[in-house]
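Reader: I'm new to this one and would like a close look at a single part. Could you show it to me first?

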Amino acid sequence: MLDVAAVIAGAAVASQIRFDAVSQRGFYAAFVLFSAAFALALFPAFDIYESWRGRSKRKLAGQVALAWLVVQGCALISMYTLTHIDIVSRLWFAYWSAIAATLLISWRLVTHAVLAHARRAGLNLHQVAIAGSAMHCAQIVRRIEAEPGTGFRATALFNTVPGTSSIAQPAAPGVTVCDTMEAFADYIRAHDVHELWLAMSLADERLVELLVTEFRNDLVNIRFIPDVRSLGLFNTSSVIELLGVPAINLVASPLSSSALFKKELFDRVFAALVIVMLAPLLIAIALAVKLSSRGPVLFRQKRKGADGRVFTIYKFRSMRVHTETGGHVSQATRDDPRVTRVGAFLRRTSLDELPQFFNVLRGDMSVVGPRPHALEHDDLYQSVVAGYIHRYRIKPGITGWAQINGFRGETDRLEKMELRVAHDLYYLGHWSFWLDMRIIAATVFRGLVSPNAY
């Protein structure tokens, strides 16, 4: 919203400077609207909406300037195709481009300055646990202390090279020094630390593997901060910059901030349209459920969402009201006597899932993503299915890659859940907007009715 406002404000100020009276207002308005639209479409591709905590603001300004140049180039081409480019004042265009670029960069720098001030005051902090040799840990701690505006705070250190000089001496006040990996892991879990930096060399491959394995079932961002000379050995697309040093993402959210923004925007718009278009159907199903058996229209259950946050999922009730025993949640089986006649039809056609578009509108779920499971099933499978925890890296979905490939319904064998999780992890690693569109299309045309839905 601020970017669009900057584009429009820049054009208005340029008109005031260039013209005594605005002429050809319609064509100029079209030019401005083209640029605003291209800015919304292209800026996310330049990663300028990602977190720049601890990263160079000079690079951010350069990235914004580059993105704005591309936007203006696309707008010029669009105006040229409409054969109206010759009537646009070149001086006005130059003023507008310069003023808008200044506004686009300035509001970001001001925002980061305000954030830096808040972080120096102790707000918006990210706790960091660091594992590595005494010397490397001390260097990272000094960098953190030298740049408090980044919002990182070292809270725990673990010397991975026994016998070297202690890291207690250079540690800042309040930093806990752990002597063993067990104590280090216990501290991270007890204090809800979400950043683990492995300040190690490539020779510590075994130790890196042990630490990553230790936190395989925890939602901890693990970043490898190696010696700069080893940077050329890695795919630089997985490397980010923190506090002026390279950091390699080992375990982190698979989708960038820009990708999540685009996915979130699509989800809200799509969910709103579906709810409006299917309102008569939703009302009809609600009446049928209410008349078919005693009980509420909606079935509510707690599920885990992104980052493990618990939310309430909505479905049309398809079973007779019953009570589970001993905290055990029984999955529906074929010819389940609890399922009503209306409920059986809703489950076969997946119409019982339609209320979840309200979950999407609320921000609890996405249209496409890993299907959420009952909390009891999460607790069971998290310890026995490799990679299960990473399903929480993004919002759960109404439909997903696993569902359109036949892995839906009852998971009466461990192998079924393993295959479902494997498909979910494939989706996380290969996400794109067009993959989401493919999954939605497959769900509509061949995924609604399934022999596994009962």
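Reader: How do the residues of the lining of the largest cavity divide into nonpolar, polar and charged?

Author: A quick word on the model before the cavity. It is a predicted one, where local features need pLDDT of at least 70 and side-chain atom pairs count only at pLDDT 80 or more, while totals for chains, interfaces and linings use all residues. Residues are numbered from 1 along each chain as its sequence is written, and side-chain values use heavy atoms, with hydrogens and water left out.

Now, your cavity. The lining of the largest cavity has five nonpolar, two polar and four charged residues (Ala, Val, Leu, Ile, Met, Phe, Trp, Tyr, Cys and Pro count as nonpolar, Asp, Glu, Lys and Arg as charged, and the others, Gly among them, as polar). A cavity here is a set of points on a 1 Å grid over the protein atoms alone where a 1.4 Å probe fits but cannot get out, and lining residues have an atom within 4 Å of a point. The count comes to one cavity of 30 Å³ or more, and the largest has a volume of about 50 Å³, a volume being the space filled by probe spheres set on the points, which are joined across faces, edges and corners. Who lines it? Lys304, Gly305, Pro370, Arg371, Pro372, His373, Asp378, Arg391, Tyr392, Ile394 and Pro396 do.

For contrast, let's look at some helix contacts, sorted into those classes. Helices are DSSP runs (H or I, at least four residues), numbered from the N terminus. H8 (residues 257-277) and H9 (residues 279-292) have axes that come within 4 Å and cross at roughly 65°; axes are lines fitted to C-alpha atoms over the stretch in contact, with angles from 0 to 180 degrees between N-to-C directions. Ile275, Val276 and Met277 of H8 touch Ala279, Pro280 and Leu282 of H9 (contact means heavy atoms within 4.5 Å). That contact has six nonpolar, no polar and no charged residues.

H6 (residues 181-190) and H7 (residues 205-214) pack at about 40°, axes 11 Å apart. Met181, Phe184, Ala185 and Arg189 in H6 meet Leu207, Leu210, Leu211 and Glu214 in H7. By class, that's six nonpolar, no polar and two charged residues.

Definitions and conventions:
Helices (H or I, at least four residues) and strands (E, at least two) are DSSP runs, numbered from the N terminus. On a 1 Å grid over the protein atoms alone, a cavity is a set of points where a 1.4 Å probe fits but cannot get out, and a pocket is an open set with protein on both sides within 12 Å along at least five of seven lines; lining residues have an atom within 4 Å of a point.
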